[in-house]
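Biologist: I am new to reading models like this. Can we go through it feature by feature?

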Amino acid sequence: MDQHLINTVNKLQDALATFGPASNTIDLPQITVVGSQSSGKSSVLENIVGRDFLPRGTGIVTRRPLILQLINRRPTKDTSDSEQLIPTEQVNENNKDEWGEFLHIPNKKFYDFNEIRNEIVKETEAKTGKNAGISSVPINLRIYSPHVLTLTLVDLPGLTKVPVGDQPKDIEKQIKEMVLSFITKPNAIILSVTAANTDLANSDGLMLAREVDPEGTRTIGVLTKIDLMDQGTDVIEILANRVIPLRYGYVPVINRGQKDINSNKSIKSALEYERHFFETHEAYRSKAQFCGTPYLAKRLNGILLNHIKLTLPDIKARIEKNLKKYQKELAELGPAELGSPSNVVLSTITEFCNEYRSILEGKGNDVSSLELSGGARISFVFHEIFSNGIKALDPFDQIKDVDIRTILYNSSGSSPSLFVGTAAFEVLVKKQIKRFEEPSLKCVTLVYDELVRILTQILSKPQFNRYPSLKESIGHVFISFLRNLLLPTNKLVTDLVSMEEAYINTAHPDLIKGSTAMSIVSEKMQMSRPVQLDPKTGKPLPQQHSTPPPESGNGGFFSNFFASKNKKRLAAMEAPPAVLKASGQMTERETMETEVIKLLIQSYFSIVQRTITDLVPKSVMLKLILFSKTEIQKELLEKLYQSDSLNDLVKENEFTIQRRKECQTMVETLRHASEIVASV
Ligand code: GDP
Ligand code: MG
């Protein structure tokens, strides 16, 4: 069962290899060593991998982090070898099924593991110099082999206290931080290495491990150099977990000593020596099966299994999620088999038109909560922008009192009238109504822009990218069709304004009555006059209604014109000047008439305001929006479907072809992965 699980994960990893080296779809643990310098960290890792390839020795040898990815790869001839987990036996000769690759030398396969070691030394010196300097920039090495379990090991510089060589003063702090950055990750399994010939209580490795993993749920203790312990001393008390307890306990191992390294002792014979040592040692003999590198490997497997079991549901979920994502994209890209060109054009046009309609109706399947779109934006144009633009029109911004007075006189013709003339009112109102035209036309343009915006929005969807030339043509036809609609729309809108201008409906039920206007004005005028009190009763005297202001000579309308004239010129009776304007102090009646006219203008103006605010959007709706909605499909079919260039229209985008292939591979891979996971 457990074997099955690990094989499953290896298969999964294989299946998902298409995701590229950066993929960490499966969050396998990283096994990280931590311990003092020369405690034997590199030696332990190397024994676990089962190949000689790490620089080892006295003094500071590991000076950059080495991230070692082991990748289980079935041999070319399929043997059941791959079932072996972390091997403890070396495969000696160079083998075409096993090689290493460095990230910094892409595409070079190292079949000779001695060469790998030389490259690590060379690359370490490249970043740190020869003189004991360190660097936190990792070296990345991948080892492909049928004899390894897919997992990541990290070799780190040992903890030191006193700077030597080129090392900086704060070497201790720097190394500590580097180590912490690796072992803090929750998926880091910590191999806390302590040489058995040193005091466990002084172990830097244990101290740091405890800092990041106080519960000890991912720390395993490793005691090296058992062979170097003084005669008569042993680690039995530690192994019994009575000294510094660790949840996963301690495993004693014996690596090759410096002499063995110098004499090129093989891992195989080193492991034999180790087994022999524990089996014959009087202190360890009885528990020899819990000692040595093979047992350490077994313990690690157990921890790995645990981790895999814990993460499998998550892996499953991620696979399903990715599968859905790629299936969706694949569906959007459309089937690889092209239908006939006419079918493609037909269905693309239909799809475009459906999208257009549903966006206008606010039924698009991507109705956004972040911004207004489509129909809602048009509604905003109507009810906010346009309606406020119309409201902002001022009925008097182009009419001054003096103009009113002039028109009053003009419209009464040659005989001064005694009442407010409708003619004057109409002249003035018409002049103002013209002003509704500009905002109304602007409203049409704004809606046009919105429709073009919708076009862009639709065409930017992935399904339209497939046929670039068809997409472009749809865009062109749509825009020129819309442009043509501008003419009748603008015509209707200007006609609306012209209609208002053509006939001033003084009988409009909402228009203020002349008499009402009159009484409002006269009331206002009285209020502004100081109230006189009856000296006898103390009550306000009845207001004298139309006391004429003191006439000063030739007062009244033409007073100014004649004011400066001397008698002689008056007598000469010159012709009126080219431009003759009403001027001079207004009589009370004139003031009154002007005010009444203004009141009427205001009342009528707001009636027109309401009508225009109501009718312009309706016109735009009819002539531009609804028309385009119902007719665009016909237009597109006429212009595109019957064209003899159907074949050119449906030339597929290179990117689409490429991407479809990628997605297909992804979907297949993920389906496969999903089946593998399901089998657990
Ligand atoms: P690191 O600095 O922790 O990576 O330690 P290395 O693996 O480079 O080993 C440091 C030195 O200790 C080397 O000379 C090894 O040969 C030696 N060494 C490591 N483990 C053992 C062991 O179990 N027994 C003996 N005799 N020597 C060992
Ligand atoms: Mg080392």
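Biologist: Why does the distance between the end C-alpha atoms of helix H19 agree with its number of residues?

Modeller: Remember first that this is a predicted model. Now the general idea: count residues, then allow 1.5 Å for each. Helix H19 covers residues 588-641, which is 54 residues, so it should span 80 Å. Its end C-alpha atoms are 75 Å apart, which agrees.

Biologist: Where is the kink in H19 centred?

Modeller: On Ser-628. The kink there is about 50 degrees.

Biologist: Now the ligand. Which residues come nearest to ligand 1?

Modeller: Start with the residues around the ligand. Here there are 19, and Lys-41, Ser-43, Asn-255, Arg-256 and Gln-258 come nearest. Then sort the shell by class: three residues are nonpolar, 11 are polar and five are charged.

Biologist: Which backbone atoms lie close to oxygen atoms of the ligand?

Modeller: For a polar contact, look for N or O atoms within 3.5 Å of each other. A polar backbone atom of Ser-38 is 2.8 Å from an oxygen of ligand 1. For a backbone N or O atom of Lys-225, the distance to a ligand oxygen is 2.9 Å. For one of Gly-57, it is 3.1 Å.

Biologist: How much of ligand 1 does the protein bury?

Modeller: Taken alone, ligand 1 exposes 570 Å². The protein buries 96% of that.

Biologist: Which element gives the most residues to the shell?

Modeller: Helix H2, with three. Helices H2 (41-49) and H7 (258-262) are the elements that give two or more.

Biologist: How many salt bridges are there?

Modeller: The count is 31. One of them joins Glu-46 and Arg-256, with the closest N and O atoms 3.1 Å apart.

Biologist: Why does that pair tie together parts distant in sequence?

Modeller: Glu-46 lies in H2, while Arg-256 sits in the loop between strand E9 (250-252) and H7, so the linked parts are 210 residues apart in sequence.

Definitions and conventions. Residues are numbered from 1 along each chain as its sequence is written. Chains are lettered from A and ligands numbered from 1 in the order in which they are written. This is a predicted model: local features need pLDDT of at least 70, side-chain atom pairs count only at pLDDT 80 or more; totals for chains, interfaces and linings use all residues. Side-chain values use heavy atoms; hydrogens and water are left out. A residue is near a molecule or strand if one of its heavy atoms lies within 4 Å of it. A polar contact is a pair of N or O atoms within 3.5 Å; within protein, one must be able to donate a hydrogen and the other to accept it, and residues adjacent in sequence count only if both atoms are side-chain atoms. Accessible areas come from the Shrake-Rupley method with a 1.4 Å probe; for residues, only the protein chains shown count as cover. Helices (H or I, at least four residues) and strands (E, at least two) are DSSP runs, numbered from the N terminus. Ala, Val, Leu, Ile, Met, Phe, Trp, Tyr, Cys and Pro count as nonpolar, Asp, Glu, Lys and Arg as charged, and the others, Gly among them, as polar. The expected span of a helix is 1.5 Å times one less than its number of residues. The bend at a residue is the angle between axes fitted to the seven residues ending there and the seven starting there. A salt bridge is a side-chain nitrogen of Lys or Arg within 4 Å of a carboxyl oxygen of Asp or Glu.
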